[in-house]
Structures are given as C-alpha cells and as structure tokens.
Amino acid sequence: MIPDSAAFHAYVEPARRGGAWWRVLLGVVAIVCTWFGVSIGLVALVGMGALAPLGLAPEAAMAMGREGRVMPPGGVVIFLLTFLGLWAGLWVAVRLIHRRPFGTLFHPVRRRPGGGPLMRGAALALAFYGVSLLAYVAVMGAPARSALPLSLWAVWVVPIVVCIGVQATAEELLMRGYLLQHFAVWSRNPVVWAVVPSLIFAALHYDGGMEAGMLWRMLVHILIFAFIAAALVWRTGGLGAAVGLHVTNNIFAICAVGMEGSALGFELWLFPADTLERMFAFDLALGALMLAGVFVLFGPEPEPQPEPERGRET
C-alpha cells in the first residue's frame, strides 16, 4: 500500500466531513441529472437559433447526432460546452449536499493554488506529445493533412481551446477531484482511490461506433492517462498538475494531430487508423515512463512561509 503523503492527506481531508456513502450517491445522481439537463438545454438553445449570433447555428447541433465522431467546428464547441453542466452538477453536489467549499475540489483549504503544478503538468503533456510525434513520424512517416481549411481552423481555434479548458477541467474535477477524494476517505488503498476512478474514467470514454481493435487500445491509453493523472494528484496534493496535463493533452489531440477513426474533425493532421495497433507497445512503454517520471519529478508545492514581523522602529 502506498502511504499517504501529508499533501495528499490535506487534499482529501475536506471530503471527510459529509462523506457518507449515501451523500456521495446522492451527489452522483445530482451531478448526472444536472449535467444532462444543462446539456439538453444548451443543445435546444442552439437548435432554436438562439446562439446563432455567436456562430453556433442550428446545423451545428444537428451534426452532433450524426454517425461517426467528425463534426464541424461549431459542433465541437457545442460538445465541449455541454461540460458546463458537469461544472454545475459538481457545484450542486459539493455545496448543497456535502456543504463544503467548491474550491476544495482543487486544493486543500489551507493552501491557495499556484501556477506551478498547472505549468508542470502542461510541460509533462508537451514532453509526451513531442516524444510521441517524433516516434510516430520515424516509424510511419508524416501524418496526412486533414480536409479542414487552415483559414477555418484559425477562426475557431481560440474558442475551441477555451472550451477544451472547460471540458478537461470538468473531467478532472469529477474523476480526480470528487470521486478520488471520497474514495480516499473510504480507503487508503490506491486500488480504491486511484484504480477504481480510473476504470470509471476509461469506461465513460467507450464509443460503440469505433472499430473494435482501435477501441480497446484507445481505452487502455485512456486508463494509463488516468493513472498518471491520479499519481499527479497524490504527489502534488492538488488538482493543478492533473488539470494542466489534461487540458494540454486535449488541445493537441483535438486541435493539432489526431487519428482517422477517432478524430472530431478539427485536427489539422491525421495519422492512419492503424496507428494505435502499430505503435501500441511504444505507447505502453512511454506511458509507464511518464508514470515513473511523476514519482521522481513531482512533489507538493512548498507551503507559503509567513512573513516575519518587523520590529517596532525606535
């Protein structure tokens, strides 16, 4: 069993009060219902043309229901904005059911978040993508340019990056925040507080429309990613590094380089559909290396030291 660090213990502690199983169950119901309610309301508003002045035409909402994952940029924005409902549901659960500050999903009460963990998590994602891209190009050659015009990409890239921040942070708040904290209250065993939420995270990414061979490999990738994010929370005692990792990862995956069969339609370059099969062993090794790197390179932020009192001038 991995011993709890003092920083991780401080991060989990706010969930101890009001952490009874029935409250968590009620909280999950509230989160899911609010998430779906807000999502349906958002899609309905777009469908009625209420958000057309913002570039979200009714056709973008209709594109979300088509077969396959590829959507126009407006559809990608709508999909990502549905995660506002997850933010709202988490607020309802944390504030009204558990009666604790919403900010305790990010960091302990006694410590205000700094930008250090966020930037270090982003740097880890950048390193991962840099090494992966070099290896992929060396083995398979350069990715093909997608059909998305560069001019259209340039118009939409900033709104989509902002919406990725909404989406990826919401997922971290739920998985490595709300669920991990409460599972860690119930058990100090990392199989409970790290592995179980990671399995849930991977299961929620199941896509029945994806080719079976690609799907199971994709789910393994997502599971490894979840382990790395959980390790970041354990090492740093907060959600910042995991958020930095997740947001940066999704920006690259959605806006830059993707794979045929798993793309959303906003990527500029695409590797062939058999990429995961050909690079699976490499990806597993790199994921294991990243996980080991988290234990070596990451640690809790130092506590701010109070300024010494100045003596009275005479």
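In which helix does A212 lie? In this predicted model, A212 belongs to helix α9, which covers residues 212–236. A212 is exposed, with a relative accessible area of 57%, a value that can be set against the cut-off of over 50% for an exposed residue. Between the C-alpha atoms of A212 and I224, which stand 12 residues apart along the chain, the separation is 19 Å.

Further along helix α9 one finds I222, and here the surroundings are of another kind, since I222 is buried, with a relative accessible area of 14%. When its neighbours within four places in sequence are left aside, I222 is in contact with F201, A202 and H205. A263, by contrast, is 41 residues away from I222 in sequence and 15 Å away in space, counted from C-alpha to C-alpha.

Helix α9 also leads into the interior of the model, for it supplies 14 residues to the largest nonpolar core, which is the largest share of that core. The core holds 63 residues, and those that touch the most other members are F8, L90, L124, L174, Y178, W193 and L245. L245 gives a view of how such a residue is surrounded: residues up to four places away in sequence not being counted, it touches G121, A122, L124, A125, F225, I228, A229, L232 and M290. A second core, separate from this one, has 24 residues, among them L42, L51, V77 and L148.

From the cores the reader may turn to helix α7, which runs over residues 150–186. At 1.5 Å a residue, the 37 residues of α7 should span 54 Å, and the C-alpha atoms at its ends are 50 Å apart, which agrees with that expectation. The helix nevertheless has a kink of about 45° at V157, shortly before the proline P159. Because 27 of its 37 residues are buried, α7 is largely enclosed by the rest of the structure.

One of the residues in helix α7 is H182, which counts as buried at 0% relative accessibility. Apart from neighbours within four places in sequence, the contacts of H182 are A15, G18, G19, V24, H98 and R100.

The same helix, α7, holds a charged pair, R176 and E172, whose members are four residues apart and so are separated by about one helical turn. An α-helix has 3.6 residues a turn, so residues three or four places apart point the same way. R176 and E172 form a salt bridge in which the closest N and O atoms are 2.5 Å apart. Both ends of this bridge lie out of reach of the surface probe for the most part: R176 is buried, with a relative accessible area of 1%, and E172 counts as buried at 0% relative accessibility.

How many salt bridges does a search of the whole structure find? The search finds two, and besides the pair in α7 there is one between R16 and E13, with the closest N and O atoms 3.2 Å apart. Here R16 counts as partly exposed, at 39% relative accessibility, and E13 is likewise partly exposed, with a relative accessible area of 34%.

The strands of the model include an open sheet of three, arranged in the order β1-β3-β2 with mixed pairing. In this arrangement β1 (144–145) and β2 (257–259) stand at the edges, each with a single partner strand, so one side of each is left without a neighbour in the sheet. Strands of a sheet pair through backbone hydrogen bonds, either parallel or antiparallel. For β1 and strand β3 (residues 269–271) the direction is antiparallel, and two bridges join them. One residue pair that can be located in the model is R145 with W269, the latter being the bridge partner of R145 in β3.

A last stop is R99, whose place is in the loop between α5 (84–97) and α6 (115–140). R99 has a positive phi of about 55°, although it is not a glycine. At 62% relative accessibility, R99 counts as exposed, whereas H182 in α7 counts as buried.

Key: Residues numbered from 1 in each chain as written. Predicted model: local features only at pLDDT ≥ 70, side-chain atom pairs only at ≥ 80, totals over all residues. Heavy atoms only, no water. Core = buried A, V, L, I, M, F, W, Y, C linked by side-chain atoms within 4.5 Å. Buried < 20%, exposed > 50% of the residue type's maximum accessible area, 1.4 Å probe, protein only. Contact = heavy atoms within 4.5 Å. Pairing = 2+ DSSP bridges. Salt bridge = Lys/Arg side-chain N within 4 Å of Asp/Glu carboxyl O. Expected span 1.5 Å × (residues − 1). Bend = angle between axes of the 7 residues up to and from the residue.
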